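Here's a protein model to explore together. Take a look at the structure, then follow the notes below at your own pace.

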Amino acid sequence: MMDRVTRLFALWTVLGVTWAWFVPDHFIWVADGRFAPFGQPLISVMLGVIMLGMGLTLSFDDFRRVLALPSQVLAGAVLQFTIMPLAGFAIAWAFGLEAGLAVGLILVACCPGGTASNVVCYLARANVALSVSLTMVSTLVAIVMTPLLTGWLAGVFIEIDRWNLFRGMVTVVLLPVIVGVLMNRYLPRLTKSVSSVSPVVSVLFVVLIVSAIIAQSKALIEAHANILLAAVFTLHAAGFGLGYGLSRMLGLGEASARTISVEVGMQNSGLGASLASTPAFTRQFANPMQAALAPVPAAISAVLHVLIGSFLASLWSRRPGQGAHVAPGAAAEA
C-alpha cells in the first residue's frame with residue numbers, strides 16, 4: 001500500500017499544486033512564517049524530515065556499493081553538476097530572466113538529483129541500484145557543490161553568500177542524513193518502524209512545500225507564466241536529454257544511461273525551494289519583489305520534472321533496459 005502511494009508521487013504533486021492554485025489559503029500557512037518549529041522556518045524543518053527519511057533507507061552497504069560502480073557513479077555525478085548548472089545559467093541569460101527568477105532557476109539547477117528518481121528509474125526499467133547510489137552521492141557532494149556553483153553562476157545577477165548556503169546545506173541535508181544512517185545502524189527496530197511511514201511522509205512534505213510556494217506566489221506566477229514555464233521546461237528537457245546522450249557517448253549501457261538521464265533531469269526542487277525561501281537568502285536581494293520570485297522556479301520545477309520523468313518512464317518501460325530492474329528500497333528521497 002505504501003509503495004503504491006509513493007509511486008503516484010507525480011499525481012500527488014499535480015493534484016497538490018492544482019489545489020493550491022485554486023485555494024491558496026489551504027497551503028499558504030506552510031510558507032508564510034506563522035509556524036516556526038524549533039525557531040526554524042517550517043519549510044526547512046519539513047525538508048530536514050525528508051532528508052532524515054532518506055538517511056533511514058541508507059546503510060553502510062550502500063556506501064560500499066558505490067565502490068562497485070565507480071565509473072558509472074563518477075560519470076553520473078560529474079554530469080549532474082555540469083549539465084544542469086551550466087544549462088540553468090545559459091537559459092537564464094538566453095531568456096533574459098529577471099534577477100529573482102534567474103537566481104532561483106540557477107539555484108535549483110545546482111541542487112542534487114531529485115525526488116522520486118528511484119521510483120522513476122524503476123518504472124523506466126533502468127538501473128535502480130545505480131539510481132540509489134547516485135542520489136546518495138549527489139546529495140552529499142551537493143553540500144559543497146551547490147553553494148559553490150550557485151555563488152559562481154548566480155553571482156552574475158546578485159552577490160551570493162556562499163557560506164550561508166553551505167550552512168543551510170549542512171543543517172537541512174547533511175545532519176539529518178547522518179542521523180538517519182546512524183539510526184539505521186544502531187537502532188534497527190526503531191528505524192524499521194519509522195521507515196514504514198517515512199516514504200509517505202516525505203512525499204506529503206514535498207507536495208506541501210511545493211504547493212505552498214505556488215499558493216504564496218500565485219500572482220507572481222501569473223505575471224511571469226509564459227517565460228517561467230518555458231525556461232523551467234527547457235532546463236529539465238536539457239537535463240534529461242543531455243544526461244542520456246552524453247552517457248551513451250561515454251559508452252554506458254542503455255539501463256545506466258536511462259538512470260543518469262533521470263538523475264540529472266530530476267532536481268531536488270524541495271531543497272531549492274527551501275533554500276530560496278530562507279530569510280538569509282531573501283536578504284541578499286535589494287528588491288523584495290525579486291526575492292519573492294526566487295523560490296518560484298523550484299516550485300514549477302517540482303511539477304515539470306516529475307511529469308517529464310513519468311512520461312519518459314512510460315516510454316522506456318515498453319523496452320527492456322538490459323540492466324538492474326529491482327524495486328527501489330526507498331520510494332522518496334528529497
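## A glutamine on the inside

Let's start with Gln80, which sits in helix H5, a helix that covers residues 70–94. Keep in mind that this is a predicted model. Is Gln80 buried or exposed? Gln80 counts as buried because its relative accessible area is 2%, and the cut-off for "buried" is anything under 20%.

So who keeps Gln80 company? Leaving out residues up to four places away in sequence, Gln80 touches Pro85, Cys111, Pro112, Gly113, Ser138, Glu263, Val264 and Gln267. One name in that list deserves a second look: the side chains of Gln80 and Gln267 are joined by a polar contact of 2.8 Å.

## A helix under cover

Now find helix H6, which runs over residues 99–109. How many of its residues are buried? The count is 10 of 11, so the helix is mostly covered. Among the buried ones are Gly100, Leu101, Ala102 and Val103, and the list also includes Ile106, Leu107, Val108 and Ala109.

H6 comes up again when you look at confidence. In the protein chain, H6 has the highest mean pLDDT, at 97.

## How far to trust the model

Across the protein chain, the average pLDDT is 89, and 95% of the residues score at least 70. Which helix has the lowest confidence? That's helix H1 (residues 2–7), with a mean of 73.

There's also a stretch to treat with care. The pLDDT is below 50 over residues 324–334. In the model, this stretch has 38 contacts beyond near neighbours in sequence. Where pLDDT is low, though, the predicted coordinates should not be read in detail.

## A nonpolar patch on the surface

Turn to the outside of the protein. A nonpolar surface patch of about 800 Å² is built from Phe60, Phe63, Leu140, Leu175, Ile178, Leu182, Tyr186, Leu187 and Leu190. Two helices, H4 (60–68) and H9 (162–186), supply at least two residues each. Which one gives the most? It's H9, with four residues.

Leu190 is another member of the patch, and you'll find Leu190 in helix H10, which spans residues 188–195. Leu190 counts as partly exposed because its relative accessible area is 43%, which falls between the 20% and 50% cut-offs.

## A valine that meets the patch

Val181 also lies in helix H9. Is Val181 buried or exposed? At 9% relative accessibility, Val181 counts as buried.

Not counting residues up to four places away in sequence, Val181 touches Gly55, Leu56, Leu58, Phe60 and Phe63. Phe60 and Phe63 are both patch members. Folding brings together residues far apart in the chain here: Val181 and Phe60 are 121 residues apart in sequence, yet their C-alpha atoms are 7.9 Å apart in space.

## Three salt bridges

Side chains of opposite charge can pair when their charged atoms come close. How many salt bridges does the structure hold? There are three. One of them links the side chains of Arg34 and Asp32, with an N to O distance of 2.6 Å. Arg34 is exposed because its relative accessible area is 53%, while Asp32 is partly exposed at 33%.

Glu254 takes part in the others. Its side chain meets that of Arg248 at 3.9 Å, N to O, and Glu254 also forms a salt bridge with Arg258, where the closest N and O atoms are 2.8 Å apart. Glu254 and Arg258 are four residues apart in helix H13 (residues 254–265), so about one helical turn separates them. Salt bridges that share partners join Arg248, Glu254 and Arg258 into one network.

## Inside the network

How covered are these partners? Glu254 counts as buried because its relative accessibility is 13%, and Arg258 is buried too, at 0%. Arg248, on the other hand, is partly exposed, with a relative accessible area of 38%.

Arg258 has one more link to look for. The side chain of Arg258 reaches the backbone oxygen of Trp316 at 3.2 Å. You can also check the spacing between Arg258 and Gly245: they are 13 residues apart in sequence and 9.4 Å apart in space, C-alpha to C-alpha.

Notes
Residues numbered from 1 in each chain as written. Predicted model: local features only at pLDDT ≥ 70, side-chain atom pairs only at ≥ 80, totals over all residues. Heavy atoms only, no water. Patch = residues over 30% accessible without salt bridge, like charges linked within 9 Å, V, L, I, M, F, W, Y side chains within 5 Å. Areas by Shrake-Rupley, 256 points an atom, 1.4 Å probe, with all protein chains shown as cover. Salt bridge = Lys/Arg side-chain N within 4 Å of Asp/Glu carboxyl O. Buried < 20%, exposed > 50% of the residue type's maximum accessible area, 1.4 Å probe, protein only. Contact = heavy atoms within 4.5 Å. pLDDT = per-residue confidence, 0-100. Polar contact = N/O pair within 3.5 Å; in protein donor to acceptor, adjacent residues only side chain to side chain.
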